[in-house]
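User: I would like to go through this structure by asking, for each label, what lies behind it. Please set each value against its criterion before you conclude.

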Amino acid sequence: MIDFLNSIIVLLNFIIIPGISYGSQLALGALGVTFVYAILRFANFAHGEIMSFGAMITILFTWFFQSQNIGLGILPTALLALPVGIIATIILSIISDKFVFQYYRYQKSVPVVLAMVSIGVMFVINAIIRIIIGTETIKFSDGQKFIMKAKQFKVMTGLNEGLALKSSQVITILITILLLTFTFWFLQKTKTGKSMRAFSDNEDLALLSGINPDKVVFTTWIIVGVLACVAGTLYGLDKSYKPIIYLNLVLPIFASAIVGGIGSPFGAVVGGYVIAFSEIMVTYAYKKFFVYLLPNSLEPSGLVQLLSTDYKFAVSFSILVIVLLIRPSGIFKGRVL
Amino acid sequence: MMNFERYEWLAITIMISLFIFVGFIQGWSVSLVILNMCIISAIMTMGVNISWGYAGVINFGVMGFLAMGGLAAVLVSYPPIAESWQAGGRGLGISFALLVVLVVAVMYINKTVSQKRNRYIYNSLIIFFGILIIRHFYLNATHNIEDVNPAIAGFLGGLGLPIIFSWIVGGLFAAGVAFVIGKVALGLRSDYLAIVTLGISEIVVSVLKHEEWLSRGVKNVIGLKRPVPYEIDLQNADWFINLIKYLNSSKLNNIIDVSDRQQVLNNLIIDGSGIFVKLSYAILFLIVMLIIFYFANKAQLSPWGRMMRAIRDNETAANAMGKDVVKQHLIIFVIGAAIVGVAGAMLVTLDGLFTPSGYRPLRFTFIIWIMVIVGGSGNNLGAIFGGFVIWFSWIEAAPLTTFIINQLTAGLEPTNALKLHLLDSVPYFRYLFMGLILLLILRYRPKGIIPEKVRHS
């Protein structure tokens, strides 16, 4: 029985909790990509950089608040700076729309051209970030680092295995729940949300029924800004902030959005968790888990690892390719908000 | 062979004069270094342009195909390591044989078992256990190989042939990978295809990074043999010294003192050897570029090229006319990838080293795409022009930015924090330039600087 509990704790500690927090970050990112895809109808390669931009502004204001000795006690100061980051990210996304994307929307350009344009935007934002904050790795989480340390847990329960709970993980999960609830409530219950869904379902019909496309697009960019900034900041808070990481993050985010069924917000969220869990589960060495579960004679000799951790990114793409081959529309049929 | 319009001659003149300009300002060595990379970029750009410009097939896997070309350079030119083969050759052989058996078994099941559910069950069972068995042999063998002298070897080595053969082999490698990707992904819509090819190229690079027995992974392969002479050999070769003497005879004759003259001559020989090496590379690359350019143009003007344009402009109509769109898409995707693979092998040849961790999408996929868009998709001269201009600005962005920042902040003190910060960030301004160039071109000249010629005939 004790062994069984120990093995469960191992799973919780190394797979489930990291999986949920990484999955939440991916889900928020994928939700942003999905909104752009469903309303504006292109794959936004700049999304990773928008996330990075939001995180950067949050970091700058975190530093400012820290220098002023304003803090939240046990909570990280970044939470206080997050609203500023969100506003800045919204402004950035609206500016990028007004000066860049709007023109092509009015021209009714094909999606590929818009994707190319988003690559241009990606380069520009990327440069701005590097010019402002450089390329160094930045750790900006302060406050209490752990809600529960592995040692505490061991003492508390008397088990062999410790369960560590980082505060950044809990914050990630809580904020994600909050934000997702709000987003889905917004889409389902408010008038603007309903008009967005109508617009994504059938643009011509929506225009005919008097929906103002500019307003829909404007709202979309606001939502995208909020989601991107929160996702970027949470990722930076959990791991550490590094401008280069966010370009690599775009690909798992796209994978999540497509796996879930691109255009479907619920699918994007599910896709985020699917990708996160499969990345972690395929590359985790299960030796410890089996040592507890199996009798001594059957103990595995190797690490019981399907793939080495080096292939973490490769896993998400393999899933993407498999899903596209078997079910091209994703897990949940996409295209409509 | 072909008639250039006036503005095309202008573009060619601009390209040539850029290098002469840099040659006079920053020295011929710098100019030739940039020229070599420009030629390689132009070849990559032509590769992408063939699939995108001719047929509208998007290929974001440039990085992966370049890496395959680079791998070819290693596998062709590096001398074979006998101990590694002894240590793990047999195990690898067994695992590859088993892999073939597995594939054949799966194909056999697909052919004989008609019920869909049974087929899935048999396939997954056979793949699962097959991989378990293969893993056993494979991991043992690779582990043994990687243990052989890990500081300098630790991989299988190559064939020890002249590296110039790898340019063809690199093309074949890339074509092979492209064939598999194309079979899997080409049915997808263009933006999905972009993401999938980008993702698969990441997988290719991560395999090269971590399969040390094959490519030495992140430990890199250095000291690949060159197709051109080494500087040190040139400096001791009589004919080269005589050549330098002959070229600089007037300058040397003016110096009366013998030891001074020897000193000057030595410096000239050292400089000259570097330039000679780079020039030989440039000539080799130029030959390859012109060959590819010639055939690309031929193909574009041929009936096959016309069919490609028809498919690009209206897939449904072309299909209705009896053209096999899927097959043609696959063909053009593979050809484009092969050209990119050739460029990848040339890139490694030029550097003399293979660094898998150096392949990043920003540098090796997106920049190439900017070259294609800026140059003009569907026009080979445009592709070359895009490759030259973008690589040139990528390199020259840093000196230009330093100049601009110094001008703008001339009023500030040299210790001003803003000025120092800006000067520290000079290398990042090139991304800004790239983004702005792409956005401006897409906005005001969406067909590129040298657009595709519309032929009415």
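Analyst: This is a predicted model, and a good place to begin is the contact between the chains, which takes 34 residues from chain A and 33 residues from chain B. On the side of chain A that touches chain B, the elements giving two or more residues are helix H3 (78–107), helix H4 (111–133), helix H10 (243–260) and helix H13 (312–326) of chain A. Of these, H4(A) gives the most, with 15 residues.

User: What is the make-up by class of the side of chain A that touches chain B?

Analyst: That side has 29 nonpolar, 3 polar and 2 charged residues.

User: How do you know whether the radius of gyration of chain A agrees with that of a compact globule?

Analyst: A compact globule of 337 residues would have a radius of gyration near 20 Å, and chain A has 21 Å, so the value agrees. The C-alpha trace of chain A spans about 70 × 55 × 35 Å along its principal axes, and the chain holds 13 helices and 2 strands. Buried residues make up 45% of its 337 residues, and among its contacts between residues at least 6 apart in sequence, 76% join residues at least 24 apart.

User: What are the corresponding values for chain B, in helices and strands, in span along the principal axes and in buried residues?

Analyst: Chain B has 19 helices and 0 strands, and its C-alpha trace spans about 90 × 60 × 55 Å along the principal axes. Of its 457 residues, 40% count as buried, while residues 24 or more positions apart account for 83% of the contacts with a separation of 6 or more.

User: Why is H17(B) called oblique to H19(B)?

Analyst: The axes of helix H17 (residues 380–408) of chain B and helix H19 (residues 429–444) of chain B come within 9 Å and cross at roughly 120°. Angles of 65 to 115 degrees count as roughly perpendicular and those over 145 as roughly antiparallel; the crossing angle of roughly 120° belongs to neither class, and therefore H17(B) is oblique to H19(B). The crossing is right-handed. It is made by Ser393(B), Trp394(B), Ala397(B), Ala398(B) and Thr401(B) of H17(B), which meet Phe429(B), Arg430(B), Phe433(B) and Met434(B) of H19(B), and these residues divide into 6 nonpolar, 2 polar and 1 charged.

User: What makes the contact of H16(B) with H19(B), and into which classes do its residues divide?

Analyst: The axes of helix H16 (residues 361–375) of chain B and H19(B) come within 10 Å and cross at roughly 30°, and this crossing is left-handed. H16(B) brings Ile367(B), Ile370(B), Ile373(B) and Val374(B), and H19(B) brings Met434(B), Ile437(B), Leu438(B), Ile441(B) and Leu442(B). By class, the residues of this contact are 9 nonpolar, no polar and no charged.

User: Why does Glu8(B) count as buried, exposed or partly exposed?

Analyst: A residue is buried with 20 or more other C-beta atoms within 10 Å of its own and exposed with 12 or fewer; Glu8(B) has 17 C-beta neighbours inside 10 Å, so it counts as partly exposed. Its place is in helix H1 (residues 6–26) of chain B.

User: Which residues is Glu8(B) in contact with, leaving aside its neighbours within four places in sequence?

Analyst: Glu8(B) is in contact with Leu381(B) and Ile450(B). The C-alpha atoms of Glu8(B) and Glu231(B), 223 residues apart along the chain, are separated by 37 Å.

Note on methods:
Residues numbered from 1 in each chain as written. Chains lettered and ligands numbered in written order. Predicted model: local features only at pLDDT ≥ 70, side-chain atom pairs only at ≥ 80, totals over all residues. Axes fitted to C-alpha atoms, helices over the stretch in contact; angles between N-to-C directions. Helix = DSSP H or I, 4+ residues; strand = E, 2+ residues; numbered from the N terminus. Parallel < 35°, antiparallel > 145°, perpendicular 65-115°, else oblique. Left-handed = near helix turned anticlockwise from the far one by under 90°. Contact = placed C-beta atoms within 7 Å. Nonpolar A, V, L, I, M, F, W, Y, C, P; charged D, E, K, R; others polar. Rg over C-alpha atoms; globule rule 2.2 N^0.38 Å.
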